[in-house]
Amino acid sequence: MLVAIDKKSAERIKAVGYKTAHAIRSKFPLGELVCPFCDEIVFPRERQGFVLHFVHQHPCTSNIARHPESPEHEQGKFELARFLSQQIKDHPNESAKIEVEYRLSKCGENGRVADVALVYQNGNLLICECQLAKITLDELEQRTRDYYAIGADVLWFLGKDADTLENRTWLRSMFGSVGSLQFIYTSS
Ligand SMILES: [Zn+2]
């Protein structure tokens, strides 16, 4: 996850606001940073080439539907937030905010956490989902329907195991386009 809660101040702490995991560890005593969804302890994790993020000490106990904490997925969210800010940069709007890991309690069975969302004060919502883990067409359709049911539009970005011809074809027929996320690994 890219955002943790500081138990002491109740503030949302964004990992991208820090240069290194060391900077986060130096500032927050162990146990002070917790998951916004299950309240369990998280700590910063650094992987070369990926955006700094938080991971659970123990697996997340929340039953809210959310994605696994792979470095690639964290990087994907970071890129989507950047993509969205590019999209709106010509029309900056004080009443629309980009939120990472945006909780939608009325979405789906137990609520969902959107990877990145453009949240308008007037009730509109554009969600960007980064899907890297394998997903069936049925699941993809269900998730899309869950978002539509709460009145949110969604842009899907596929990468890795989720980027199948079947998924890509369906998304294209549904939305006209589909985003892609590619990871290039270097060993320098
Ligand atoms: Zn959690």
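Here is a quick briefing on a zinc site, an annotated domain and one strand residue. Keep in mind that the model is predicted. The zinc ion is held by three cysteines and a histidine, namely C35, C38, H56 and C60, and UniProt puts a nuclease-like domain at residues 69-162.

**Zinc site**
- The zinc ion takes SG atoms from C35, C38 and C60 plus NE2 from H56, with these donors sitting 2.1 to 2.3 Å away.
- Angles among the four donor atoms run from 94 to 126°, so the site counts as tetrahedral, all of them falling between 85 and 135 degrees.
- For reference, the ideal angle for four tetrahedral donors is 109.5 degrees.
- Along the chain, the donor residues follow the spacing C-x2-C-x17-H-x3-C.
- C35 comes from the loop between strand 3 (33-34) and strand 4 (42-45), while C60 comes from the loop between strand 5 (53-56) and helix 2 (71-87), so this pair ties together parts 25 residues apart in sequence.
- C35 is buried, at 1% relative accessibility, whereas C60 is partly exposed at 26%.

**Annotated domain**
- The UniProt record, an unreviewed entry, labels residues 69-162 "Competence protein CoiA nuclease-like".
- That span is 32% helix and 34% strand, and its end C-alpha atoms are 16 Å apart.

**Y102**
- Y102 belongs to strand 6 (residues 96-104) and is partly exposed, at 25% relative accessibility.
- Setting aside neighbours within four places in sequence, Y102 touches R112, V113, A114, A117, V119 and L125.
- From Y102 to N167 is 65 residues in sequence and 24 Å in space, C-alpha to C-alpha.

Notes. Residues are numbered from 1 along each chain as its sequence is written. This is a predicted model: local features need pLDDT of at least 70, side-chain atom pairs count only at pLDDT 80 or more; totals for chains, interfaces and linings use all residues. Side-chain values use heavy atoms; hydrogens and water are left out. Donors are N, O and S atoms within 2.8 Å of the metal (3.2 Å for Na, K and Ca); water is not among the atoms, so sites may look incomplete. Four donors count as tetrahedral if all angles lie between 85 and 135 degrees; four count as square planar and six as octahedral if opposite donors are over 155 degrees apart and all others between 65 and 115; anything else is irregular. Helices (H or I, at least four residues) and strands (E, at least two) are DSSP runs, numbered from the N terminus. Buried means under 20% relative accessible area, exposed over 50%, partly exposed in between (1.4 Å probe, protein chains only). UniProt positions are given in the numbering used here, feature names are shortened, and annotations may be inferred rather than shown by experiment. Contact means heavy atoms within 4.5 Å.
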